[in-house]
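Pull up the structure and keep it beside the text as you read. We'll walk through it one piece at a time.

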Amino acid sequence: MPEFLKGNYKLAASIEDKADAADSTDEFEKKALSRLGGSICFVSKKGLIWQGEAQPAGGAAAAGEATARTASRATPENGDKDKAGGAGTKDSPGA
Amino acid sequence: MELGRKIAQALEAATFERVAGVGLANAEVNRPRIARSVLELAETPLGTGDTAIVVGAGPSLRRRRSLERLRASGFAGAIVAADGALGACLRAGVVPHVVVSVDPHPERIVRWFGNPALTVAPADDYFRRQEMDPVHREDELSANRALVELVDAYGPKIKVAAATSAAPAVVERCEQARMELYWWNPMYDDYDRPESLSRRLWNMNGLPCLNGGGNVGTAAWVVTHAVLGRKRIGLVGIDLGYAPGTPYEQTQYYPELVALLGDRYREAFIHTENPVTREVWFSDPAYHWFRDVFLEMAREADCETFNCTEGGLLEGPGITTVPLDAFLESTVAAGRKERTNG
């Protein structure tokens, strides 16, 4: 646009570049919308859990390659499972 | 199409914009503290049977006294709570087996665990304005102090299913309260794409990626089914809507809607009659999107989901609406039968 407006005179009105304006409007809307989003993503058409490349048979709650990888990388701090009983209610803690 | 529904359609992408950057940054910061995968929870005794209750922080929790009734029932299954519901649970005498935390917000979320560092009311009015736990509205500092004491007392009995996106302040607080942390990655995008962030995260830490459904309550349901393997899941406090009479100013996204829409912000709210209670609840675009997402996930899930909220807006295929007492009685009866037969 600016190249067509060159001349030996001065314009009284300022010319707005509509493409830039559209971009900034889109950007504003994108930013404003992002503030309305949730606290965690949702990915449509995907399952509830992905455990990495070699998905173990049995799906949910099954231990698999990803679990083993994690376990091998992790260093339990105080991982005594028996120590931490279940919860329940204050009167009857544990299951 | 109504303005609210139109905005809701854009929120899958908008949520990615909102949380992906900070979530990944938090995953880096949290990395040295990751010791256990959430999958280890599947091997941990958490209540009996295949039934669980998921506790959200919606207004029906107080309106229907759901937690007090849960406690009185002697329910023996797993109890999984969203972090925003932790305070209500402990005050009602219910100690959840697992608390789920996902939100990367650097300052707010730690308050759901009681923030020992809070000595003056913060400039951020979120807790004075929010509708989820009114105890914090009335006297922020006293409510926080009481919650610090409760979480300190019961923390060692509670496991935290923490998303790697969780704020480092939350992680620190949980460790301080001697809560055991079990980690997972939020699914940010399609892991089948080579440039996927979900895939990148998995490569980095080897943790499973969970499809979070937009909010922590839905994420708690995902953990309960996909990780703990529970097949009968009752929901309390998962309203995905605002109770009749809630002022717009006390809704979660009010300032953001005003900033986006100005005087037209009222048009973004969607009013719907609950088919059971006949009350008219309402949602904003975010809650409407959460509801659509939950229904989509529940339809596909290999479990029965029972809406025991006795309110709210979560109605549709894949969800069975049932009074809380009926759900609890059927669970107790099934457990009794199992013990007799066993």
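Going along the sequence, chain A reads α-β-α-β, with 2 helices and 2 strands in total. Keep in mind that this is a predicted model, and that the confidence in chain A needs a look before anything else. Its mean pLDDT is 59, and 34% of the residues reach 70 or more. Among the elements of chain A, strand 1 (residues 49-50) comes out highest, with a mean pLDDT of 98, while helix 2 (residues 65-73) sits lowest, at 34. Over residues 57-95 of chain A, pLDDT stays under 50, even though the model has 77 contacts beyond four places in sequence for that stretch. Where pLDDT is low, the predicted coordinates should not be read in detail. As for burial, 24% of the 95 residues in chain A are buried.

Now for the sheet, where both chains turn up. Ten strands are listed in the order 1(A)-7(B)-6(B)-5(B)-4(B)-2(B)-1(B)-8(B)-11(B)-12(B), and the result is an open sheet of 10 strands with mixed pairing. Its edges are strand 1 of chain A and strand 12 (319-321) of chain B, each of which pairs on one side only. Strands of a sheet pair through backbone hydrogen bonds, either parallel or antiparallel.

Step inside the sheet and look at strand 8 (residues 232-236) of chain B. How many of its 5 residues are buried? The count is 5 of the 5, so strand 8 of chain B is largely enclosed by the rest of the structure. In a regular strand the side chains alternate between the two faces of the sheet. Here both faces are covered: B:Arg232, B:Gly234 and B:Val236 are buried on one side, and B:Ile233 and B:Leu235 are buried on the other.

Strand 8 of chain B also has a partner to either side in the strand order. With strand 1 (residues 51-55) of chain B, it runs parallel and is joined by 5 bridges; B:Val55 is found opposite B:Val236 there. With strand 11 (residues 304-307) of chain B, the pairing is again parallel, over 4 bridges, and B:Leu235 faces B:Asn307. Elsewhere in the sheet, strand 2 (residues 78-82) and strand 4 (residues 98-101) of chain B pair in the parallel sense through 3 bridges, with B:Val80 bridged to B:Val98.

Next, a helix. In helix 4 (residues 66-73) of chain B, the buried residues are B:Ser66, B:Leu67, B:Leu70 and B:Arg71. Looking down the axis of helix 4 of chain B, you'd find these buried residues within an arc of 130°, so they line one face of the helix. Just after helix 4 of chain B comes B:Gly74, with a positive phi of about 75°.

Finally, some backbone angles to check. Most residues other than glycine have a negative phi. B:Arg178 is not a glycine, yet its phi is positive, at about 60°; you'll find B:Arg178 in the loop between helix 9 (168-176) and strand 6 (180-186) of chain B. A:Lys45 also isn't a glycine, and has a positive phi of about 65°. A:Lys45 lies in the loop between helix 1 (18-34) and strand 1 of chain A. Are these two residues exposed or partly exposed? B:Arg178 counts as partly exposed because it has 14 C-beta neighbours inside 10 Å, whereas A:Lys45, with 7 such neighbours, counts as exposed.

Technical notes:
Residues numbered from 1 in each chain as written. Chains lettered and ligands numbered in written order. Predicted model: local features only at pLDDT ≥ 70, side-chain atom pairs only at ≥ 80, totals over all residues. Buried ≥ 20, exposed ≤ 12 C-beta atoms within 10 Å, placed from the backbone. pLDDT = per-residue confidence, 0-100. Contact = placed C-beta atoms within 7 Å. Pairing = 2+ DSSP bridges. Arc of directions from axis to C-beta.
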